[in-house]
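Colleague: I have this model open and would like a close look at one part of it, the central sheet. Could you walk me through how its strands are arranged, and then what lies around it?

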Amino acid sequence: MNHQHPFVKYIRPSAQISANCPGCGNGILAQAFLQAVDDLKIDFNDFVFVSGIGCAAWIPSPFFYADILHTTHGRPIAFATGVKLAAPDRRVAVISGDGDLLAIGGNHFIHAARRNLDIMVICINNGIYGMTGGQVAPTTPPGLKTMTSPYGNVENIFDISALAIAAGATYVARWTVYNPAQITKAVKKALGRKGFSFIEIISQCPVQFGRKTGMGSSTEMLDFYKNNSIPVKKTAEMSREELQGKIVVGELIDIEKSVLTDELARQREELRGGS
Ligand SMILES: Cc1ncc(C[n+]2csc(CCOP(=O)(O)OP(=O)(O)O)c2C)c(N)n1
Ligand code: SF4
Ligand SMILES: [Mg+2]
């Protein structure tokens, strides 16, 4: 009998030990993502995965058995932009953390969304800088005590999905790792369309976030996600107060706009024809 995990084929043979801590949500995202690839029977060699620096950046690299760029902190979208422009036929997927993509990397993020660059970006939002010891992030909820906010975070939070929509992203979905089947569905949707697709994954970091903020173990955090998630369809009938502290999940936008690589190809054709 073959006891191998069916997705072993997607994992680089020389890199089969996860870099993430036990109980981390990153593995749930990895499995849900690979499920989408497997369901759609996509050739894994079509992908170029790009990540920055952080625990989430270890999800694709070096584990996914495909082309991978493990870049510098804050810059995965800049590298992904270069890859997509140089090789428009490749599927470019960025998987990285909230600090990487939305703190130091925020400007690359908003401009890739504005350009409707044809890439998929998955952000593991664990509300903290996990890999570097639990510093406060732009996604850390107010009041929480972290390594660098020992008396409680006094800053306002970034709603990164709202930012993606405002910047011009054409597909945006948010799910927690309590919803792996919905994550798979969202990834399949994003893989089946063109344009800037952004999926925000609220995920637990039991080691740096759960322990230091008092949010508890991974199972307690998963319970929190289960009990505090509100499907976006239900929010219309809810007041601002009722939505306070809740996680709005679901598909937040799905629209069509001109896609950067298509526009460049069209322009190139026009210029060739006119010369
Ligand atoms: C230019 C630069 N600044 C800071 C760092 C240190 N650093 C590495 S990862 C990281 C934050 C990681 O947080 P996040 O992106 O949320 O990923 P997580 O570990 O939480 O998955 C920081 C500040 C760095 N490597 N390079
Ligand atoms: S520090 Fe947190 S985010 Fe990083 S691997 Fe461990 S549990 Fe996951
Ligand atoms: Mg983080």
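Modeller: Happy to, and let me begin with a spot outside the sheet that helps with orientation. Glycine 192 counts as exposed because its relative accessibility is 66%. This glycine 192 sits in the loop between helix H6 (180–191) and strand E6 (197–202). From its C-alpha atom to that of glycine 245, 53 residues apart along the chain, the separation is 32 Å. Please keep in mind throughout that this is a predicted model.

Now to the sheet itself. Its 8 strands form an open sheet with mixed pairing, and the order is E2-E1-E3-E4-E6-E5-E8-E7. Strand E2 (67–70) and E7 are the edge strands, each pairing on one side only. From one strand to the next, the twist averages 20°. As a reminder, strands of a sheet pair through backbone hydrogen bonds, either parallel or antiparallel.

Let me take E5 as the strand to study in detail. Which strands flank E5 in the order? They are E6 and E8. With E6, strand E5 runs parallel, and 6 bridges join the two. You can find the register from tyrosine 171, whose bridge partner in E6 is serine 197. On the other side, E5 (residues 171–176) and E8 (residues 247–254) pair in the antiparallel sense over 4 bridges. Here valine 172 stands opposite isoleucine 253 in E8.

Is E5 buried or exposed? Because 6 of the 6 residues of E5 are buried, the strand is largely enclosed by the rest of the structure. In a regular strand the side chains alternate between the two faces of the sheet. In E5, Tyr171, Ala173 and Trp175 point one way, while Val172, Arg174 and Thr176 point the other way; all are buried. Note that Arg174 is among these buried residues.

Moving one step outward, E8 also pairs with strand E7 (residues 229–231): these two run parallel and are joined by 3 bridges. Two of the residue pairs are easy to pick out on screen. Serine 229 stands opposite isoleucine 247 in E8, and isoleucine 230 has valine 248 as its bridge partner in E8. So that you can place E7 in the whole, recall that E7 is an edge strand.

Toward the other edge, helix H2 (residues 76–86) lies across strand E1 (47–51), E2, strand E3 (91–97) and E4. The helix H2 runs at about 175° to E3.

The magnesium ion, ligand 3, is worth a look from here. Its protein donors are Asp98 (OD), Asn126 (OD1) and Ile128 (O), at 2.0 to 2.2 Å from the ion. Aspartate 98 and asparagine 126 link distant parts of the chain: aspartate 98 belongs to helix H3 (residues 98–103), and asparagine 126 lies in the loop between strand E4 (120–125) and helix H5 (160–167), 28 residues apart. Written as a sequence pattern, the donor spacing is D-x27-N-x1-I. Both aspartate 98 and asparagine 126 are buried.

Asparagine 126 also appears around ligand 2, together with Asn20, Cys21, Cys24, Cys55, Gly130, Cys205, Pro206, Val207 and Gln208. By class, that shell holds 6 nonpolar and 4 polar residues, and no charged residues.

A few backbone details in the connecting segments deserve a check. Most residues other than glycine have a negative phi, and most peptide bonds are trans. Lysine 41, in the loop between helix H1 (26–40) and E1, has a positive phi near 55°. Asparagine 116, in the loop between helix H4 (106–115) and E4, likewise has a positive phi, near 50°. Their surroundings can be read from accessibility: lysine 41 is exposed because its relative accessible area is 72%, whereas asparagine 116 counts as buried because its relative accessibility is 1%.

The peptide bond from serine 61 to proline 62 is cis, with omega near 0°. Proline 62 is placed in the loop between E1 and E2. Next along the chain is phenylalanine 63, and its C-alpha atom is 8.3 Å from that of proline 13, 50 residues apart in sequence. Proline 13 lies in the segment before H1 and is exposed because its relative accessible area is 53%.

How values were computed
Residues are numbered from 1 along each chain as its sequence is written. Chains are lettered from A and ligands numbered from 1 in the order in which they are written. This is a predicted model: local features need pLDDT of at least 70, side-chain atom pairs count only at pLDDT 80 or more; totals for chains, interfaces and linings use all residues. Side-chain values use heavy atoms; hydrogens and water are left out. A residue is near a molecule or strand if one of its heavy atoms lies within 4 Å of it. Ala, Val, Leu, Ile, Met, Phe, Trp, Tyr, Cys and Pro count as nonpolar, Asp, Glu, Lys and Arg as charged, and the others, Gly among them, as polar. Donors are N, O and S atoms within 2.8 Å of the metal (3.2 Å for Na, K and Ca); water is not among the atoms, so sites may look incomplete. Buried means under 20% relative accessible area, exposed over 50%, partly exposed in between (1.4 Å probe, protein chains only). Two strands pair if DSSP finds at least two bridges between them. Axes are lines fitted to C-alpha atoms, for helices over the stretch in contact, and angles run from 0 to 180 degrees between N-to-C directions. Contact means heavy atoms within 4.5 Å.
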